[in-house]
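Biologist: Before we begin, could you show me the structure, so that I can ask how each term we use for it is justified?

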There are 2 protein chains.
Amino acid sequence: MEIIVQTKEMQRRAEQRRREGMIIAFVPTMGYLHEGHLSLMREGRKRGDCLVASIFVNPTQFGPAEDYNRYPRDLKQDLKLIQRVGVDICFTPSVAEMYPDGFQTFVEVERVTQSLCGISRPHHFRGVTSVVAKLFNIVKPHLAFFGQKDYQQLIAIKRMVKDLNMDIEVVGMPTIREPDGLAMSSRNAFLNQKKRKEAARLYRSLVKGKELFAQGERSAATILQEVRRIIEEEKSADIDYVKICDAHTLEDIEEIKGEAIIALAVKMGKTRLIDNIILKEE
Amino acid sequence: MEIIVQTKEMQRRAEQRRREGMIIAFVPTMGYLHEGHLSLMREGRKRGDCLVASIFVNPTQFGPAEDYNRYPRDLKQDLKLIQRVGVDICFTPSVAEMYPDGFQTFVEVERVTQSLCGISRPHHFRGVTSVVAKLFNIVKPHLAFFGQKDYQQLIAIKRMVKDLNMDIEVVGMPTIREPDGLAMSSRNAFLNQKKRKEAARLYRSLVKGKELFAQGERSAATILQEVRRIIEEEKSADIDYVKICDAHTLEDIEEIKGEAIIALAVKMGKTRLIDNIILKEE
């Protein structure tokens, strides 16, 4: 496995691979890798000739009061894991390499980033889409893989790719879960044993919501009431939002038609967790 | 010459040319072509193996009270001209092809777009950088050519390319002028004979400013006073701005050091004209 830290070198290598007719598959990450990330890389390995993973904790997607500095990092362990799944190139630039002095350009996807997490994290998605646009221009992939756990991020990136005519296929992959159902996330490392156990409640609440839907319930309010009830049984769970929205526009809906999602963000102590489940008629 | 109207087809063709090892040179335009545009294409012809020109009057860079609808158009004449300079592919998409329903993504360069024209045309540069980002992703050029007449646009695009790691060389080319010095512009077509004659005053004022600089004057205020005086001799000239700024950051300067520009925007009747001249110690 090759490790590249310079953007220009990554571009040269990518251009070379494309000229050789190779399909470049790309998995951008912020590191502290778990099975969720690795599942994306395994799919990338299957579908690409050259598999690139990036590890970069992107400062512009964290708010000033958020956890950029204490976001978990373990490059040595990450490199071991990605080598094992067959990554060809690991791109791991410094902050100064990605944001040199004078940087002032942002990519902003407007409507789909304004609901859900966009309310409590106002500049988050602007940071995400900007860094992903940069990474796409550096890695020049044909295919890029993102997890459905970060559903709004996935929709925003798909929208950006379509709107800016990026010639890239964005592939959304299923959320990988712990045995008790908790969605895998690097931030789970922040949970103490007690909070970790309580956190499984989030997925249980989503599954219950989906059951109601499967039984024919179509009122968002009725389903949300039950989902919230399950979460609120745990006194220390602090709900940021629990919403049912259209799966494409992310606009709130009252009656479920077509494809929808139940999406939630809940603080367990200091740790903010997100999760979602898709509601779709079979 | 091939004419392409679909983004996907243009991408396929560009990818094919790149795979063949060709250098793609690109000149984006809004049509109604003049010698300024053609000079860019001639340079592109010299430096590229495949020369692409686009003709697209971009609605998102016009303000609601601006001249999008009456912007001059003459596709038939344009196609004749670009064929003559040796363009290989003319990309001329419809508005619906570039901005389908649901479009909501913009590229915004922040600081360098806030001064000069950014004040009286608040969303103009956002429209420019967004459409140029789209065109770059569609045409996939190695080289792209822009005129220095639109100096702030050139700086904003260079900044975007650098900040978003677009692997493209942006080439700025000298302003092409009419025999009396007026900078060539599609909007000159709006001037009646009298206004057209008066408009030559703008370049004369810039030349006078540059002469003062050459004679050793370094106070921006002193030079600007003389430039304004020459413009204001013509009663019907309505100055939007006349400024001296740093040639890279576009921030106003009081004392000229390093590279600077005198930039102006003046309404001659209903027609807003811009021009600039570079001040640089030999």
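Modeller: This is a predicted model, and a good place to start is where the chains meet: 23 residues of chain A are in contact with 23 residues of chain B. The elements of chain A that give two or more residues to this side are α1 (7-19), β5 (105-109), α6 (124-139) and α7 (151-163).

Biologist: Which element gives the largest share of the side of chain A that touches chain B, and how do its residues divide into nonpolar, polar and charged?

Modeller: The largest share, five residues, comes from β5(A). Counting the residues of the whole side of chain A that touches chain B, there are nine nonpolar, six polar and eight charged.

Biologist: What makes β5(A) and β5(B) a pair of strands?

Modeller: Two strands are said to pair if at least two bridges are found between them, and β5(A) is joined to strand β5 (residues 105-109) of chain B by five bridges, in the antiparallel sense. Within this pairing, E108(A) stands opposite F106(B).

Biologist: Why is the relation between the chains called a two-fold axis?

Modeller: A turn of 180°, with a shift of 0.0 Å along the axis, lays chain A on chain B with an RMSD of 0.0 Å, and that is the relation of a two-fold axis. The same surface serves both copies, as 100% of the contact residues of chain A recur in chain B. Of the residues of chain A, V107(A) comes closest to the rotation axis, with its C-alpha at 2.2 Å.

Biologist: Turning to a sheet within one chain, why are β8 and β10 of chain A said to stand at the edges?

Modeller: The open sheet has three strands in the order β8-β9-β10 (chain A), paired in the antiparallel sense. Both β8 (237-246) and β10 (271-279) of chain A have a single partner strand, so one side of each is left without a neighbour in the sheet. From one strand to the next, the twist averages 15°. Strand β9 (residues 260-268) of chain A pairs with β10(A) over nine bridges, and the bridge partner of I261(A) is I278(A) in β10(A). Helix α9 (residues 220-232) of chain A packs on this sheet, where it touches β8 and β9 of chain A, and its direction makes about 160° with that of β8(A).

Biologist: How do you know that β6 of chain B is largely enclosed?

Modeller: A residue is buried if 20 or more other C-beta atoms lie within 10 Å of its own; four of the five residues of strand β6 (residues 143-147) of chain B are buried, so the strand is largely enclosed by the rest of the structure. One of its pairings is with strand β2 (residues 24-29) of chain B, parallel and over two bridges, in which F26(B) has A144(B) as its bridge partner. Another is with strand β7 (residues 169-173) of chain B, also parallel, where five bridges join the strands and L143(B) stands opposite E169(B).

Biologist: What span is expected of helix α9 of chain B, and what covers its buried residues?

Modeller: At 1.5 Å a residue, 21 Å is expected for helix α9 (residues 200-214) of chain B, which has 15 residues, and its reach from first C-alpha to last is 21 Å, close to that value. Its buried residues include R201(B), Y203(B), L206(B) and F213(B), and what covers the buried residues of α9(B) includes α8 (193-198), α10 (220-232) and β8 (237-246) of chain B. Just after α9(B), G216(B) takes a positive phi of about 110°.

Technical notes
Residues numbered from 1 in each chain as written. Chains lettered and ligands numbered in written order. Predicted model: local features only at pLDDT ≥ 70, side-chain atom pairs only at ≥ 80, totals over all residues. Least-squares fit on C-alpha atoms with pLDDT ≥ 70 in both. Contact = placed C-beta atoms within 7 Å. Expected span 1.5 Å × (residues − 1). Buried ≥ 20, exposed ≤ 12 C-beta atoms within 10 Å, placed from the backbone. Nonpolar A, V, L, I, M, F, W, Y, C, P; charged D, E, K, R; others polar. Axes fitted to C-alpha atoms, helices over the stretch in contact; angles between N-to-C directions.
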